[in-house]
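Reader: Hi! I have this one open on my screen and would love to walk through it with you. Can we start?

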Amino acid sequence: MSNKMSRKVAFVHYPHGTNAARLDTMPFALNSVIALAISGWEVDLFLWETPNNIYLVLLSKKVNFKYHGMINNHFIGKVINKPIIRSQLLYFNLFFRNYNNYRCVFGLGQIGAYLAYVISTFSHCPFIYYNDEFPSIWGTGLWTRLESKVVKWATMIIVPDSQRFLPLSYEIDIQSKDYACLPNVPIKKKTEYIDWHKRLNIPHGHTPLLHAGSVADWSQIPEILSSIPYWSEKTCLIIHSRSTEGLLQYRRALSHLDIPGRVVWSLDPMSETTLNSLVKYCAANFALYRNENSNIEYIGFSSGKLMRSLVYGSPVIASNLSSFRFVKDYELGILVEHPVEIPNAVETILQSREIYSHNCSEFCQNQVSFEREWKNFCLQLRDISKLDLSSPQ
């Protein structure tokens, strides 16, 4: 059957650190797979993370899971022996050329972009590149060089925030490429009420605030912990990591900042629906970053923890980055420049949480919408390639 008659598309999700950057932690990618299936496409979903039953709930039966755990991501990323690299690339080309009956192929991550390019080449169909990390943060190695080459063949580029496209285009020299913005915002769903005080053994009467996402120095965990003694007395911090790898060791390294009864570590993985319940439950959520590179400087709508918080009506305490200016403009929380400002930000939100929560809900309804931007992207792609993703005709 010719790919022109095919009702199939492929989505290749292969970022660096596959189990930390899982598909369910990237709403703009997950939402795209869901949108394709809703429109009637059969989706072959290529994943390199550890198989997870959560996708059986999140995704429809039109999505075919193709896990490729036999390929060691760490090995591929670190090997510098050129003959081995060539043999690995040869394997990729020989193996994935067999997948060649698609109408469109989507790729996320440097390795994901390369594989999506290979599949789209043999399918003679559009290749859509999803970018969530600037190439510069990964250095100038093999995958960065390959990414720069194959992205030039992409029909379109997807970024989670329009302000990220210009710096990205300079890095990989694609100034004239068509692009669209799909915000990294989860689609709001009804959440189950969970008594998180009971589930996480939070002291009775304490108001919880949350950090949910990457747990590391660059996300200012030490700064947040150091500020807790200066918060209102009956408050506490919940720390939930999107990956448990190295978490116990990191917690031990920060044990000198622990305050019994006021720091709660959530060590068990959560489904997206459970995490949404926790986000909604907490008085505020932290989205603090050390501005280490352009990837952070232009983070904006690509911050999953921040956007998830806004969707579920929880105000944020975020870094005073220019890309987060909308937080201040729409009064969605407090921007802080220095850790000494954190206690006052906590107190301000506790005093006016209902107002901030209302602003968050209004902002997500009126200013940022994945569904609206997905429709705009489909129209743009149809104009460029004559492929209508709204229906597999």
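Author: Happy to. Let's begin with arginine 290, which has a relative accessible area of 30% and is partly exposed (buried means under 20% relative accessible area, exposed over 50%, and partly exposed in between, with a 1.4 Å probe and protein chains only). Before we go on: this is a predicted model, where local features need pLDDT of at least 70, side-chain atom pairs count only at pLDDT 80 or more, and totals for chains, interfaces and linings use all residues. Residues are numbered from 1 along each chain as its sequence is written, and side-chain values use heavy atoms, leaving out hydrogens and water.

Reader: Thanks! Which residue forms a salt bridge with arginine 290?

Author: Glutamate 223, with the closest N and O atoms 3.1 Å apart. A salt bridge here is a side-chain nitrogen of Lys or Arg within 4 Å of a carboxyl oxygen of Asp or Glu. Glutamate 223 sits in helix α9 (residues 221–227) and arginine 290 in the loop between β11 (285–287) and α12 (294–297), so the pair links distant parts of the chain, 67 residues apart. Helices (H or I, at least four residues) and strands (E, at least two) are DSSP runs, numbered from the N terminus.

Reader: And is glutamate 223 buried or exposed?

Author: Glutamate 223 counts as buried, at 16% relative accessibility.

Reader: While we're in helix α9, what is isoleucine 224 in contact with?

Author: Isoleucine 224 is also placed in helix α9. Leaving aside neighbours within four places in sequence, its contacts (heavy atoms within 4.5 Å) include Trp231, Phe286 and Ile342. With a relative accessible area of 1%, isoleucine 224 is buried.

Reader: Phe286 caught my eye. What is the bridge partner of phenylalanine 286 in β12?

Author: That would be isoleucine 317. β11 and strand β12 (residues 316–319) run parallel and are joined by 3 bridges; two strands pair if DSSP finds at least two bridges between them. β12 also pairs in the parallel sense with strand β13 (residues 333–336), over 4 bridges. There, valine 316 has glycine 333 as its bridge partner.

Reader: Switching topic: what is the strand order in the open sheet of 7 strands?

Author: The order is β3-β2-β1-β4-β5-β6-β7, with parallel pairing. β3 (63–67) and β7 (179–181) are the edge strands, each pairing on one side only. The twist from one strand to the next averages 20°.

Reader: Which helix lies across β4, β5, β6 and β7?

Author: Helix α17 (residues 370–385), running at about 170° to β6. Axes are lines fitted to C-alpha atoms, for helices over the stretch in contact, and angles run from 0 to 180 degrees between N-to-C directions.

Reader: Back to charges. How many salt bridges are there?

Author: The count comes to 7. One of them joins the side chains of lysine 8 and aspartate 44, at 3.1 Å from N to O. Lysine 8 is in strand β1 (residues 8–13) and aspartate 44 in strand β2 (residues 42–47), 36 residues apart. Lysine 8 is partly exposed at 24% relative accessibility, whereas aspartate 44 is buried at 2%.

Reader: Nice. Which residues do shared salt-bridge partners join into one network?

Author: Arginine 308 and glutamate 272 form a salt bridge, with their closest N and O atoms 3.6 Å apart. Salt bridges that share partners join Lys189, Glu272 and Arg308 into one network. Both arginine 308 and glutamate 272 are buried.
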